[in-house]
Amino acid sequence: MFLAVRDLELHPLAIEQNFARGEIALEDVNLEWVGPMHIHGKAQWIGAGIRLQVHLQGQFAPICARCLVPVPIEMDRDLDLLYRPAEAMPSENDILLPAAETDVGFFRGAGLELADLIREQVLLALPMRTLCSEDCRGLCPGCSANLNREACRCPVRAQS
């Protein structure tokens with residue numbers, strides 16, 4: 001769904017969208033998409049930008065950092081985002097941004113693609129490092145056995 005500035009300048013846009021598994025690319029970040037994602041809310045033009053107020057609900061499975069097993073996570077959150085045209089972005093010569101500008105995103109062109117925004121927000125909401133459990137034993141560096149599920153298959157090395 002494309003959120004066009006020219007449409008939003010005329011009236012707010014109600015958003016009710018389901019994204020099927022795999023509809024938004026997440027493979028490049030080692031994240032499995034477990035089930036459908038539902039988004040509802042509204043987009044509107046306010047002053048000099050697009051305000052997006054939506055509720056996001058979906059299931060994802062980031063990969064455990066130690067054993068590489070998918071870890072299911074339920075995402076259920078409200079988002080209140082503000083995007084301004086890139087032309088309004090402060091120049092490189094501006095040293096300090098006003099506090100109000102630090103939570104603003106920027107876009108180029110005639111508007112925003114909803115799928116791109118949602119992908120960004122899903123990635124920002126996930127933990128930096130996911131573990132299936134605090135005591136995860138990980139993978140054996142020699143035989144790659146998942147030490148949570150099986151014993152190491154490495155041959156015993158002879159003592160000299």
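Here is a friendly chat that walks through a predicted model of a single protein chain.

Q: Hi! I'm new to this one. How many helices and strands are there in the chain?
A: Welcome! The chain has 2 helices and 8 strands. Starting from the N terminus, the elements run β-α-β-β-β-β-β-β-β-α.

Q: And what share of the residues is buried?
A: Of the 160 residues in the chain, 36% are buried. The accessible surface of the chain is about 10300 Å², and carbon and sulfur atoms account for 52% of that.

Q: What about contacts between residues at least 6 apart in sequence: what share joins residues at least 24 apart?
A: That share is 55%.

Q: Let's talk strands. How do β5 and β6 run, parallel or antiparallel?
A: They run antiparallel, with 11 bridges joining β5 (residues 49-62) to β6 (residues 73-85). If you want one pair to look up in the structure, Q59 has E74 in β6 as its bridge partner.

Q: Which way does β6 pair with β7, parallel or antiparallel?
A: β6 and β7 (residues 104-107) pair in the parallel sense, over 4 bridges. There, the bridge partner of L82 is V104 in β7.

Q: Okay, on to the inside. How many residues has the largest nonpolar core?
A: It has 29 residues, and those with the most contacts inside it are L3, F19, M37, L52, I118 and V122. The elements giving two or more residues to this core are α1 (5-10), β2 (13-19), β3 (31-33), β4 (37-46), β5, β6 and α2 (114-125).

Q: Is there another core, and which residues are in it?
A: Apart from the largest one lies another core of 5 residues, among them C64, C67, V71 and C136.

Q: Back to the big list. Where is M37 found?
A: M37 is in strand β4. It counts as buried because its relative accessibility is 1%, under the 20% cut-off.

Q: What is M37 in contact with, leaving aside its neighbours within four places in sequence?
A: Quite a list: Q17, N18, F19, I24, L56, Q57, G58, F60, I118 and V122. Take F60 as an example: M37 and F60 are 23 residues apart in sequence, and their C-alpha atoms are 9.2 Å apart in space.

Q: I118 shows up there too. Which residues does I118 contact, leaving aside its neighbours within four places in sequence?
A: I118 is in contact with F19, I24, M37, I39 and L56.

Q: And Q17, is that buried or exposed?
A: Q17 lies in strand β2, and it is buried, with a relative accessible area of 17%. Leaving aside neighbours within four places in sequence, Q17 is in contact with M1, M37, H38, I39 and L114.

Q: What about Q121, buried or exposed?
A: Q121 is buried, at a relative accessible area of 12%, and it lies in helix α2. Not counting residues up to four places away in sequence, Q121 touches L79, L81 and Y83. Its side chain also makes a polar contact of 3.5 Å with the side chain of E120.

Q: Changing topic: how many salt bridges does the structure hold?
A: There are 2 salt bridges. In one of them R51 pairs with D80, and the closest N and O atoms are 2.6 Å apart. That pair links distant parts of the chain, since R51 is in strand β5 and D80 is in strand β6, 29 residues apart.

Q: Why can side chains like that pair up?
A: Side chains of opposite charge can pair when their charged atoms come close.

Q: How accessible are R51 and D80?
A: R51 is partly exposed, with a relative accessible area of 27%. D80 is partly exposed as well, at 46%.

Q: And which residue forms a salt bridge with E150?
A: That is R153, with the closest N and O atoms 2.5 Å apart. E150 counts as partly exposed, at 36% relative accessibility.

Q: Last one: which residue in the loop between β5 and β6 has a positive phi although it is not a glycine?
A: L68 does, with a phi of about 65°, and it lies in the loop between β5 and β6. L68 is exposed, with a relative accessible area of 53%. S144 also has a positive phi, of about 70°, although it is not a glycine, and S144 sits in the segment after α2.

Technical notes
Residues numbered from 1 in each chain as written. Predicted model: local features only at pLDDT ≥ 70, side-chain atom pairs only at ≥ 80, totals over all residues. Heavy atoms only, no water. Pairing = 2+ DSSP bridges. Core = buried A, V, L, I, M, F, W, Y, C linked by side-chain atoms within 4.5 Å. Buried < 20%, exposed > 50% of the residue type's maximum accessible area, 1.4 Å probe, protein only. Contact = heavy atoms within 4.5 Å. Polar contact = N/O pair within 3.5 Å; in protein donor to acceptor, adjacent residues only side chain to side chain. Areas by Shrake-Rupley, 256 points an atom, 1.4 Å probe, with all protein chains shown as cover. Salt bridge = Lys/Arg side-chain N within 4 Å of Asp/Glu carboxyl O.
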